[in-house]
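Student: Please take a close look with me at one part of this protein. I'd like to follow the charged pairs and then see what surrounds them.

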Amino acid sequence: MYGKLENNILKYAPHYIIHSNKMILNPQGEDYLTAGYKEIEFGIMPLVEGNKNIIETYSENDSKIIVSYMLEDTQTTSTTDTQ
């Protein structure tokens, strides 16, 4: 799987790309790399127990984007209506 990081948002590569004024249907890995996409490497997703949310974090190097996961406590708020 290939993608790009834009403003720390992971954008997955489309099923077709336009590169050098040419539309490539069903692009292969080399086509994505030539168009500026990087291979995405996913870490191990943790098991969620209790009131937790999974948060994705991203880092990248010259050749790939690494997706990591961390757990965050769920914020619960209760409101009381008074009449």
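**The charged pairs and their sheet**

Tutor: Let's begin with Asp73, which has a relative accessible area of 45% and is therefore partly exposed. Keep in mind as we go that this is a predicted model. The partner of Asp73 is Lys52: the two form a salt bridge whose closest N and O atoms are 2.6 Å apart. Because Lys52 belongs to strand S6 and Asp73 to strand S7, the pair ties together parts 21 residues apart in sequence. Lys52 is partly exposed too, at 32% relative accessible area.

Searching the whole structure gives three salt bridges, so let's visit the others. In one of them, the side chains of Glu60 and Lys38 meet, with an N to O distance of 2.8 Å. Here Glu60 comes from strand S6 and Lys38 from strand S5, so parts that are 22 residues apart in sequence are tied together. Glu60 has a relative accessible area of 42%, which makes it partly exposed.

Another salt bridge joins Lys64 to Glu41, and their closest N and O atoms are 2.7 Å apart. This pair links distant parts of the chain, with Lys64 in strand S7 (residues 64–73) and Glu41 in strand S5, 23 residues apart. Lys64 counts as partly exposed at 27% relative accessibility, and Glu41 does as well at 37%.

Now for the sheet that holds these strands. It is an open sheet of five strands in the order S2-S1-S5-S7-S6, and the pairing is mixed. Strand S2 (9–12) and strand S6 (52–60) are at the edges with a single partner strand each, so one side of each has no neighbour in the sheet. From one strand to the next, the twist averages 45°.

Strand S5 (residues 38–42) also runs antiparallel to strand S1 (residues 2–6), and two bridges join them. In that pairing, Tyr2 is found opposite Glu39 of S5.

Tyr2 takes us away from the charged pairs and into the nonpolar interior. In soluble globular proteins, nonpolar side chains tend to be buried together. The largest nonpolar core here has seven residues, namely Tyr2, Ala13, Ile17, Ile24, Tyr32, Ala35 and Tyr37. If neighbours within four places in sequence are left aside, Tyr32 is in contact with Tyr2, Ala13, Pro14, His15, Ile17, Pro27 and Tyr37. A second, separate core has six residues, among them Leu5, Leu10, Ile40 and Tyr69.

Conventions: Residues are numbered from 1 along each chain as its sequence is written. This is a predicted model: local features need pLDDT of at least 70, side-chain atom pairs count only at pLDDT 80 or more; totals for chains, interfaces and linings use all residues. Side-chain values use heavy atoms; hydrogens and water are left out. Two strands pair if DSSP finds at least two bridges between them. Helices (H or I, at least four residues) and strands (E, at least two) are DSSP runs, numbered from the N terminus. Axes are lines fitted to C-alpha atoms, for helices over the stretch in contact, and angles run from 0 to 180 degrees between N-to-C directions. A nonpolar core is a set of buried Ala, Val, Leu, Ile, Met, Phe, Trp, Tyr and Cys residues joined through side-chain atoms within 4.5 Å. Buried means under 20% relative accessible area, exposed over 50%, partly exposed in between (1.4 Å probe, protein chains only). Contact means heavy atoms within 4.5 Å. A salt bridge is a side-chain nitrogen of Lys or Arg within 4 Å of a carboxyl oxygen of Asp or Glu.
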